[in-house]
Amino acid sequence: MAGCRNRKLIWGDYDMAQYYVHNLRQGGSPAPAGYSSWLDYWEKKTGLSAGTCHRVGCYKTATDGAHVQIVNGGNEWYIVPLCHSCNTQFGSNFYVNGPLVPVNSIYPIKW
């Protein structure tokens with residue numbers, strides 16, 4: 001969607017952004033060694049508890065570590081906590097609250 005911009009917000013002690021993301025279908029791969037799930041990966045990398053779904057406007061419990069890409073942001077894949085119903089909306093674009101944790105560790109966490 002042309003013209004969409006990422007927005008900043010404050011969450012606890014962190015200055016984080018909202019990101020306009022594309023929800024990827026290809027997220028079914030096992031989490032990296034040492035992590036029980038992609039949600040566990042996100043929590044351990046950020047030091048935060050996922051809590052509720054990070055999709056803006058959804059307040060269900062986050063159950064999945066969803067694979068997303070930032071719209072018009074490159075080919076990097078990131079993990080963000082979503083509820084299962086938001087995570088299964090494959091191919092959808094929507095805003096999420098950060099932080100986003102990269103699947104490939106050569107990219108930084110997007111706070």
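Select L100 in this predicted model and display its surroundings. Beyond the residues up to four places away in sequence, L100 touches Y19, V21, I70, Y78, I79, V80, I109 and K110.

Next, extend the selection to the nonpolar core around this residue. L100 is among the residues with the most contacts inside the largest nonpolar core, together with Y19, V21, V80, L82 and V96. This core comprises 16 residues. Colour the strands that supply it: β2 (14-23), β3 (64-70), β4 (78-82) and β5 (93-97) each give two or more residues.

A second core, separate from this one, has nine residues, including W38, W42, A62 and V101. Two of the names just listed, W38 and W42, lead to the next stop, helix α1, which spans residues 38-46. Within α1, the buried positions are W38, L39, D40, Y41, W42 and T46.

Now inspect the two ends of α1. At the N-terminal end, S37 acts as the cap, with a side-chain oxygen 3.3 Å from the backbone nitrogen of L39. Just after the helix comes G47, whose phi is positive, at about 75°.

Finally, move to helix α2 (residues 84-87) and select N87. Is this residue buried or exposed? N87 has a relative accessible area of 14% and is therefore buried, the limit being under 20%. To see what surrounds N87, display N23, D64, A66 and L82, its contacts once neighbours within four places in sequence are set aside. Of these, L82 was met earlier as one of the residues with the most contacts inside the largest nonpolar core.

Definitions and conventions
Residues are numbered from 1 along each chain as its sequence is written. This is a predicted model: local features need pLDDT of at least 70, side-chain atom pairs count only at pLDDT 80 or more; totals for chains, interfaces and linings use all residues. Side-chain values use heavy atoms; hydrogens and water are left out. Buried means under 20% relative accessible area, exposed over 50%, partly exposed in between (1.4 Å probe, protein chains only). Helices (H or I, at least four residues) and strands (E, at least two) are DSSP runs, numbered from the N terminus. A polar contact is a pair of N or O atoms within 3.5 Å; within protein, one must be able to donate a hydrogen and the other to accept it, and residues adjacent in sequence count only if both atoms are side-chain atoms. A nonpolar core is a set of buried Ala, Val, Leu, Ile, Met, Phe, Trp, Tyr and Cys residues joined through side-chain atoms within 4.5 Å. Contact means heavy atoms within 4.5 Å.
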